[in-house]
Amino acid sequence: MKLVIFIVIGYIFGALPNGVWIGKYCKGIDIREHGSKNSGATNAYRVLGVKYGIIVLIADAIKGFLPPFIASKFGITGNFLLIIGMIAIIGHTFSFFLNFNGGKGVATSLGVFLFLIPQVTFTLIIIFIAVVTITKYISLGSIISAIMLPLLTYFYPTQNNLNKLPLVLMTIIIGLFVVYKHKSNIKRLLKGTENKFKLK
């Protein structure tokens, strides 16, 4: 019963459309009508500016971190935490607040894995920063990080009493899903028309 409750909580947390709400209440802008029309942190940065982009990034990461973290405090352990984390990511990308649309899941995945596999996550943050610094493409940093996620998960030691095989399978699924959600970015990268990261 506790698992069911936290699955529901995970979905609701994940579904919170922080980028849309912050854009509307702070600047009177629906970010889904501008830029890439995505509701996530990258488009929030692009449309609302650095300050609000960072706020959305942190908020989206927190809503991924909290469900498995809180569940662990109520005695839920191991692979059940994986399920709760995955549900939070699904909630972000298929939010009932947004007619089951949403973001690409990168920031929320960051929060989930920051709790589940912090060593892997910190390594991915370094990889992401390096790729974006060199190429100026946030999307490319996200795609490469998503590809590296299951590889690093396989080679790094597990934490939080997680079973290696289900964990690796989950990271493969999430990694592929994040890459799929970036399909339009991949097309623009190949054409050389993808927006580059610029501080503003």
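Leaving aside its neighbours within four places in sequence, which residues is Thr123 in contact with? In this predicted model, Thr123 is in contact with Leu152 and Tyr156. To see where that places Thr123, it helps to begin with the protein as a whole and then return to the helix that holds this residue.

The secondary structure comes to ten helices and zero strands. Read along the sequence, the pattern is therefore simply α-α-α-α-α-α-α-α-α-α. The radius of gyration of the protein is 16 Å, close to the 16 Å that the globule rule gives for 200 residues, so the protein is as compact as a globular protein of that length. The C-alpha trace spans about 45 × 35 × 25 Å along its principal axes. Of the 200 residues, 44% are buried. Among contacts with a separation of 6 or more, 64% are between residues 24 or more positions apart.

Helix α6 covers residues 106–116. Eight of its eleven residues are buried, so α6 is largely enclosed by the rest of the structure. The buried ones are Ala107, Thr108, Ser109, Gly111, Val112, Phe113, Phe115 and Leu116. What covers them includes α4 (50–73), α5 (79–93), α7 (118–135), α8 (138–155) and α9 (164–181).

Some residues of α6 also belong to the largest nonpolar core, which has 23 residues. Those with the most contacts inside this core are Val112, Phe113, Leu116, Ile117, Leu149 and Ile174. Helices α5, α6, α7, α8 and α9 each supply at least two residues of the core. The helix that gives the most is α5, with five residues. Leu116 can serve as an example of the contacts made in this region. Leaving aside its neighbours within four places in sequence, Leu116 is in contact with Pro68, Leu81, Leu82, Gln159, Asn160 and Leu162. There is also a second, separate core of seven residues, which includes Ile22, Ala41, Leu48 and Tyr52.

Two members of that second core, Ala41 and Leu48, bring us to helix α3, which runs over residues 41–48. In α3, Ala41, Asn43, Ala44, Tyr45 and Leu48 are buried. What covers these buried residues includes α2 (18–27), α4 and α8. Just after α3 comes Gly49, with a positive phi of about 105 degrees.

We can now return to Thr123, which is found in helix α7. How far apart are the end C-alpha atoms of α7? They are 25 Å apart, which agrees with the 26 Å that its 18 residues should span at 1.5 Å a residue. The buried residues of α7 are Val120, Thr121, Thr123, Leu124, Val131 and Val132. They cover an arc of only 165 degrees around the axis, which puts them on the same side of α7. An α-helix has 3.6 residues a turn, so residues three or four places apart point the same way. The buried residues of α7 pack against α6 and α8. On the other side of α7, Ile126 and Ile134 are exposed.

Two further residues add detail to this helix. The side chain of Thr123 has a polar atom that lies 3.0 Å from the backbone oxygen of Gln119. Ile129 also lies in α7, and at 47% relative accessibility it counts as partly exposed, because the cut-off for exposed is over 50%. Ile129 and Glu33 are 96 residues apart in sequence and 28 Å apart in space, C-alpha to C-alpha. After α7 comes Lys136, whose phi is positive, near 70 degrees.

The last stop is Ser139, which is found in helix α8. Is Ser139 buried or exposed? Its relative accessible area is 6%, so Ser139 is buried, the cut-off being under 20%. Not counting residues up to four places away in sequence, Ser139 touches His182, Asn185, Leu189 and Glu194. Ser139 and Lys196 are 57 residues apart in sequence, and in space they are 9.0 Å apart, C-alpha to C-alpha.

How values were computed
Residues numbered from 1 in each chain as written. Predicted model: local features only at pLDDT ≥ 70, side-chain atom pairs only at ≥ 80, totals over all residues. Heavy atoms only, no water. Buried < 20%, exposed > 50% of the residue type's maximum accessible area, 1.4 Å probe, protein only. Helix = DSSP H or I, 4+ residues; strand = E, 2+ residues; numbered from the N terminus. Contact = heavy atoms within 4.5 Å. Core = buried A, V, L, I, M, F, W, Y, C linked by side-chain atoms within 4.5 Å. Polar contact = N/O pair within 3.5 Å; in protein donor to acceptor, adjacent residues only side chain to side chain. Expected span 1.5 Å × (residues − 1). Arc of directions from axis to C-beta. Rg over C-alpha atoms; globule rule 2.2 N^0.38 Å.
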